[in-house]
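Subject: The two-chain model, with notes

Hi,

Here is the structure I promised to pass on. Have a look at it first, and then read on for what turned up when I went through it.

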Amino acid sequence: MPQASQSARPERQGYVLLAPALIVYLLFAVYPMIDVIRMSFSSWNGLSPEARFVGLANYRAIVTQDPVFWGALRNTIWWTALAVILPNLISFGLALALNQNIPGKSSLRVVFYLPVIIASIAVATIWKWMYDPFFGLFNNLLMQMGLDGWILDWLGDRKVALWSVFVAHVWQSVGFSMVLFLAGLQGVSATLVEAARIDGAGRWGVFRYVTLPALKPTMMVVFVLSLINSLKAFDIVYGMTGGGPAQSTQMLAMWAYTQSMQLGVFGRGAAVSVVLLLITLVIVLPYIRWMFRREEMAR
Amino acid sequence: MASVDISGVKKSYGAVAVMHGVDVAIGDGEFVILVGPSGCGKSTLLRMVAGLETVTGGQIAIDGRRVNELEPKDRDIAMVFQNYALYPQMTVAQNMGFALELAGRSKAEIKAEVDKAAEILSLTALLDRKPGQLSGGQRQRVAMGRAIVRHPKVFLFDEPLSNLDAKLRVKMRAEIKALHQRLKSTIIYVTHDQIEAMTMADKIVVMNAGRVEQIGTPLELYDNPANLFVATFMGSPAMNILPAVTQAGAVLVAGVATLPIVVSVPPGTKIAYGIRPDEITIDPESPVKAEVVVVEPTGSETHITARLAGHEITLISKARVALAPGDQIGLSFSPNKHHLFDDATGRRLEASGGMAA
C-alpha cells in the first residue's frame, strides 16, 4: 500500500499521471512543429547530413516561383469556406429531422453516421470507383436515365475534379456534425419550449428564440471543428486524385507533403506547412480564448 | 380574470389511464391550489389547462369557452414553471416583454407594462441583467413578472417554490399571496407541499392517484377531512390513526379506551380512529400509558413520537418537556376532536358523543 505522504500530494500525482501523454505530445506534436519552422528557413534534400540556412528564401520561392502554391491556397480556401457551410447545413437539417418522433429514427441516425467511421482512404477508394468514367456508378446511372450528355470524367476533368472530391467529403463528414447537433438539440430545455409556446411563439418562434440560442455553443464547436478539418484536408484528396489532374485538386497540406516527401525539397514543404499553421492559428486562437472564457464563466 | 371549469376530465397515455374524471369549478379571482403526492396527476391537470397536454375526455372551459382544442397561446393563460424557464439570452426586461412582443404590441406599451410589473416585484434595478446573473428568488420573480405583464385570464403556477431554500420559500409564499390580493387574479397553483396549500389557497383540491379526494377551504379540509387520505395528507405532523372497533353505542380504540361515541355502522365493524397531534396532551394522571420513542424540539413546541399499544403516535407539546426515549408517559386525548373513518372505504363516519380518556 502506498504511504500517506504520497497521497497527500495530489498535484504531484497529477503530474505523474499526465507525464506519459505529455511526453508523447511534446515528442510527436510540439517538437515537429518547432522543427518544421526551423526547416522552413533551411535548404535540405532529406538525405544529406547537412541542412543549409537560407533565411526567407523558401518563402520567397513558394510565393514567387511556385504556381502550384497559389492554386493550392485558392483550393484550400474555397474548400474550407464551402466545407464549413454546406455539410453543416445538411447535418443541421438531418439533426432537426431525426430529433422528431419519426419511425426508424435510430436506424436512420446510424445510417447517416456510418460514413464517419470509415477510414478516409477507404472512402476515397469507394468514391473513386463510383466516379470511374467507364465502370462507375454515376455514369452508368446517367446512361440508364438517358442523360448521356451529363456524363463526365468526374475526377479527370480539371473543372470538376475538386468538386467531385468535395461531394465525397460531404458524404463522409455530414454524420459527425449531425451527431453534435443532435446532442445539442437534446439539451434544449423542454420547459423553455413550453414557456415559449405559452408566450405565443409558433414553431418558427420556438426555433428562433429557444432552439437556436440553445444551440449556439454547439454551432461554434461544429464550425471550428470543420474549419480545422477542412484546412488540413489531405487524405481524401490524396486517395482520390493525388492532387491531379494538372494540380487542379492540389491543397496546401498535400502540397507540403508532395514538396517534401516526393520532390525532396524539404525546406519549401516546411514553408508551406508553416503558412498553413499560421492560417490555422489565426482562426483557432480566438476560439480557444472563447472556450476559456466560457469555462471561467461556468466556474 | 375568469372562471375555469374542469368537468369530467380524463387523461390516458395509450392504454394507461392516469386521470379518471376530475371535476373542479374555479371561480373568478379564486386562488386554487392542487395538492397531492407525486404522481397524483396535479401537474398533468395543470398542464391540460395550459394546453401543454391533450385532454383525453371531458371538458376544460375558461371563462365559459371550451379550450380543449386550443393552442396554449390562444387560451389567454400565463404559466410560472418550477425551473423558471427564462430565456437565457434575453435580459430580464426582454424576458418579461417577450409575450407582448410576439403579440405585436408597440415598444412603448411593452416598456410601460414591463416597468409596472418590475415595480410591483421590485425588479426595476435588475431589468438589464441576464437570468444567469440572478439568484433563484430573483429568477422566480422574473418568471412571475413575465406572467403579470400579459394580464392573462388565468395564472398557472407549477410548483414555483420547490427550487428555493426554506427561508426564501416562506417569503415568496407571502409575496405570491399579496400579489393575488393585489391583482385579484384567478390562480391555479400546483404543489406537493400541504403547508403551501394551507397558507395560500382560497380553495384546496386534494388529489390522489388521478382522482379528486376532496375540495374545500384550508380549514374545512383540516377540520373535516372527507376520508383517511385527506386526513393524513393535510396537517403536519400528520394525524394519528389508530385501529378501533364499534360497539353498541361506543367505539373501542385499541390500547386507549372505550369511548361513548355513536356511529352509523353496525357493532363489531372495524374502523379507523384519527386524532391530530395537538389534541393529545401529556397527563401523568391518565391511565393511558405510552413509551417515548423520539423527542424533537422545534423551539416553540416539542414533537414527541411515542409507542401506544404497538402503534406509533405523534403529539405536540407546547410546554418544554424533559423526556428521553424509553420514558413512560400518560396521555390524555381531547374529547370531541376525533375523526372516524370506515376501515374498508376510508370514508369519514359522522359520529355523535364524546370521550374522556
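Chain B of this predicted model is divided into two parts, domain 1 (4-231) and domain 2 (242-349). Their C-alpha centres lie 38 Å apart. Where the two domains meet, domain 1 of chain B contributes six residues to the contact and domain 2 contributes seven. On the domain 1 side, that contact is made of five nonpolar residues and one polar residue, with no charged ones.

Some overall numbers for chain B may help you get your bearings. The chain has eight helices and 23 strands, and its C-alpha trace spans about 75 × 45 × 35 Å along the principal axes. Of its 357 residues, 41% count as buried. If you take the contacts in chain B between residues at least 6 apart in sequence, 64% of them join residues at least 24 apart.

Now for the inside. Which residues touch the most other members of the largest nonpolar core? They are B:Leu156 and B:Ile188, in a core of 112 residues. Helix H2 of chain B gives the most to this core, namely six residues. Both domains of chain B take part, as domain 1 (4-231) and domain 2 (242-349) each provide at least three residues. Setting aside neighbours within four places in sequence, B:Leu156 is in contact with B:Leu46, B:Val49, B:Ala50, B:Ile77, B:Met79 and B:Ile188. Another core, of 37 residues, lies apart from the one just described, and its members include A:Ala72, A:Leu73, A:Ala83 and A:Phe266.

The two chains also touch each other. In that contact, 17 residues of chain B meet 13 residues of chain A. Strand E6 (77-80) and helix H2 (92-102) of chain B each supply at least two residues to the chain B side. By class, this side has 14 nonpolar, two polar and one charged residues.

In chain A, please look at helix H10 (residues 203-231). How far apart are its end C-alpha atoms? The answer is only 36 Å for a helix of 29 residues, whereas a straight helix would reach 42 Å at 1.5 Å a residue. H10(A) bends by about 50° at A:Lys216, and the proline A:Pro217 follows within four residues. The buried residues of this helix are A:Tyr209, A:Val210, A:Leu215, A:Val222, A:Ser226, A:Ser230 and A:Leu231.

A:Leu227 also lies in helix H10 of chain A. This residue counts as partly exposed because it has 18 C-beta neighbours inside 10 Å, and the cut-off for buried is 20 or more. Not counting residues up to four places away in sequence, A:Leu227 touches A:Thr80, A:Val84 and A:Ile283. Its C-alpha atom is separated by 14 Å from that of A:Leu89, although the two are 138 residues apart along the chain.

Back in chain B, a few backbone details are worth a look on screen. Most residues other than glycine have a negative phi, and most peptide bonds are trans. Here are the spots that go against those habits:

- B:Ser236 and B:Pro237 are joined by a cis peptide bond, with omega at about -5°. B:Pro237 sits in the loop between helix H8 (228-233) and strand E11 (240-247) of chain B.
- B:His151 is not a glycine, yet its phi is positive, at about 45°. You will find B:His151 in the loop between helix H4 (136-148) and strand E7 (154-158) of chain B, and it counts as partly exposed, with 14 C-beta neighbours inside 10 Å.
- B:Glu159 also has a positive phi, near 45°, in a residue other than glycine. B:Glu159 is in the loop between E7 and helix H5 (166-183) of chain B and counts as partly exposed, with 19 C-beta neighbours inside 10 Å.

One last residue: is B:Gly64 buried or exposed? B:Gly64 is exposed, because just 9 other C-beta atoms lie within 10 Å and a count of 12 or fewer qualifies. Its place is in the loop between strand E4 (57-62) and strand E5 (65-66) of chain B. From B:Gly64 to B:Val295 is 231 residues in sequence and 53 Å in space, C-alpha to C-alpha.

Happy browsing, and do write back with any questions.

Best wishes

Conventions
Residues are numbered from 1 along each chain as its sequence is written. Chains are lettered from A and ligands numbered from 1 in the order in which they are written. This is a predicted model: local features need pLDDT of at least 70, side-chain atom pairs count only at pLDDT 80 or more; totals for chains, interfaces and linings use all residues. The expected span of a helix is 1.5 Å times one less than its number of residues. The bend at a residue is the angle between axes fitted to the seven residues ending there and the seven starting there. Ala, Val, Leu, Ile, Met, Phe, Trp, Tyr, Cys and Pro count as nonpolar, Asp, Glu, Lys and Arg as charged, and the others, Gly among them, as polar. A nonpolar core is a set of buried Ala, Val, Leu, Ile, Met, Phe, Trp, Tyr and Cys residues joined through C-beta atoms within 7 Å. Domain bounds come from an automatic or database domain assignment.
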